[in-house]
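Notebook open, viewer loaded. I want to look up helix packing, the sheet and the charged pairs, in that order.

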Amino acid sequence: MPAPSLPPAIFIMGPTASGKTALAVSLVERFPLEIISVDSALVYRGMDVGSAKPDAATLARAPHHLLDIRDPTDAYSAAAFREDALRLMADIVARGKVPLLVGGTMLYFRALLQGLDDLPRADAVLRKQLEAEAAARGWPALHAELAQVDPATAARLAPNDSQRIGRALEIFRLSGTPMSALLDQAQSELPYRVLQLALIPSDRAVLHQRIADRFDAMLADGLLEEVKTLRRTYALKPDLPAMRAVGYRQAWAYLDGDIDLTALREQGIAATRQLAKRQLTWLRSWPDAVVLDCLAEDLEAQATALVARHLQT
């Protein structure tokens, strides 16, 4: 356990549509906290509607770090996040405030807590070989192969998550060791005493309805126009990490004429539900997490009491 003399930090983790941002903003207005976003889509410029990026009014109340720091043509890794987050956390503490890390990209949280230094670096030749195999056999086939050698990692990935499946297979072929095992070995304790709040719904059906309502709102707010603009502004390809994000992948397929509007909505909602399921799989086995029901009427009061106690110790 970290020593009590270490500076405090707070994590708010949860599935999509669990109310993480609203809770974080309410805490920022009560305590000397600064928000660091932990989200692999919010880092991209121009991806506002489909990523549920906080709007200007929200950001005025509670500024967020790590928004709009990359173009959609760029890659952003867990290792890059860890480097950025550690730098920002140190800056926040130096200003006499407390880092509040908020998001649903669980790999980023894990990278921050444990480090990723033991993972082999990307291998361009092997990456091309894997892409060729995927072109011939399909990513679901490579996902099935990953499930044989690294079931723990495969269980957290969708069968078409080409970026992460490719990386996990690359790591296994380079090292002979599953990525999940290497992550378990890569203990590098974070030099903070961390209160980890996990927002988990008591009723999955309510979360599913929130997801459907939010996706409908994204369509009404101009998700398709946003993707059209991104395609005009940047030399985008559908296999870029940014465009594989939930919602964007389905919007791209619609704009290409591969699916109709009804299928766009159905597939977008289904993909978001699958994302939430994977996030909950991470959270249910997350060590040291304090579980809060994100549907509870007194969620804000519970979190406020926990944060107050954490900051006083």
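**Helix pair α6/α8.** I started with how α6 and α8 sit against each other, and they are oblique. The axes of α6 (residues 139-149) and α8 cross at roughly 45° and come within 10 Å. Angles of 65 to 115 degrees would have counted as roughly perpendicular and those under 35 as roughly parallel, so this pair falls into the oblique class. I also noted the hand of the α6 and α8 crossing: left-handed. This is a predicted model, so I keep that in mind for every entry here.

Next I listed who touches whom. From α6, the residues in the contact are Trp 139, Leu 142, His 143, Glu 145, Leu 146 and Val 149. On the α8 side they meet Ser 162, Ile 165, Gly 166, Ala 168, Leu 169, Phe 172 and Arg 173.

**Charges around α8.** Staying on α8, I looked at Arg 167 and Glu 170, whose side chains meet in a salt bridge at 2.8 Å, N to O. Both are in α8 (residues 162-175), 3 residues apart, which puts about one helical turn between them. That spacing suits a pair, because residues three or four places apart in an α-helix point the same way. Buried or exposed, what is Glu 170? Glu 170 is buried, at 0% relative accessibility, while Arg 167 comes out as partly exposed at 22%. I then found a network in which salt bridges with shared partners join Glu 133, Arg 137, Glu 145 and Arg 173. Two of its members, Glu 145 in α6 and Arg 173 in α8, I had already written down among the helix contacts.

**The sheet.** I traced the strand order next: β3-β2-β4-β1-β5-β6, an open sheet of 6 strands with parallel pairing. At the edges stand β3 and β6 (289-292), each with a single partner strand, so one side of each has no neighbour in the sheet. I zoomed in on one pair: β2 and β4 (residues 98-103) run parallel and share 6 bridges. Leu 33, for one, has Val 98 in β4 as its bridge partner.

**Helix on the sheet.** Then I checked α4, which lies across β1 (8-13), β2, β4 and β5 (193-199) and runs at about 160° to β1. How many of the 9 residues of α4 (residues 106-114) are buried? The count is 8, so the helix is largely enclosed by the rest of the structure. The buried set includes Tyr 108, Phe 109 and Leu 112, but also Arg 110 and Gln 114. Just after α4 comes Gly 115, with a positive phi near 85°.

**Other salt bridges.** I ran the search over the whole structure and got 17 salt bridges. One of them is Glu 300 with Arg 30, with the closest N and O atoms 2.8 Å apart. Glu 300 is in α14 (residues 299-312) and Arg 30 is in the loop between α1 (20-28) and β2 (33-38), so the pair ties together parts 270 residues apart in sequence. Both ends are partly exposed: Glu 300 at 35% relative accessibility, Arg 30 at 46%.

My last pick was Asp 68 with Lys 53, a salt bridge at 2.4 Å, N to O. This one links parts 15 residues apart in sequence, from the loop between β3 (64-65) and α3 (78-94) to the loop between β2 and α2 (56-61). Asp 68 is partly exposed at 34%, whereas Lys 53 is buried at 12%.

Note on methods: Residues numbered from 1 in each chain as written. Predicted model: local features only at pLDDT ≥ 70, side-chain atom pairs only at ≥ 80, totals over all residues. Heavy atoms only, no water. Buried < 20%, exposed > 50% of the residue type's maximum accessible area, 1.4 Å probe, protein only. Helix = DSSP H or I, 4+ residues; strand = E, 2+ residues; numbered from the N terminus. Salt bridge = Lys/Arg side-chain N within 4 Å of Asp/Glu carboxyl O. Pairing = 2+ DSSP bridges. Contact = heavy atoms within 4.5 Å. Axes fitted to C-alpha atoms, helices over the stretch in contact; angles between N-to-C directions. Parallel < 35°, antiparallel > 145°, perpendicular 65-115°, else oblique. Left-handed = near helix turned anticlockwise from the far one by under 90°.
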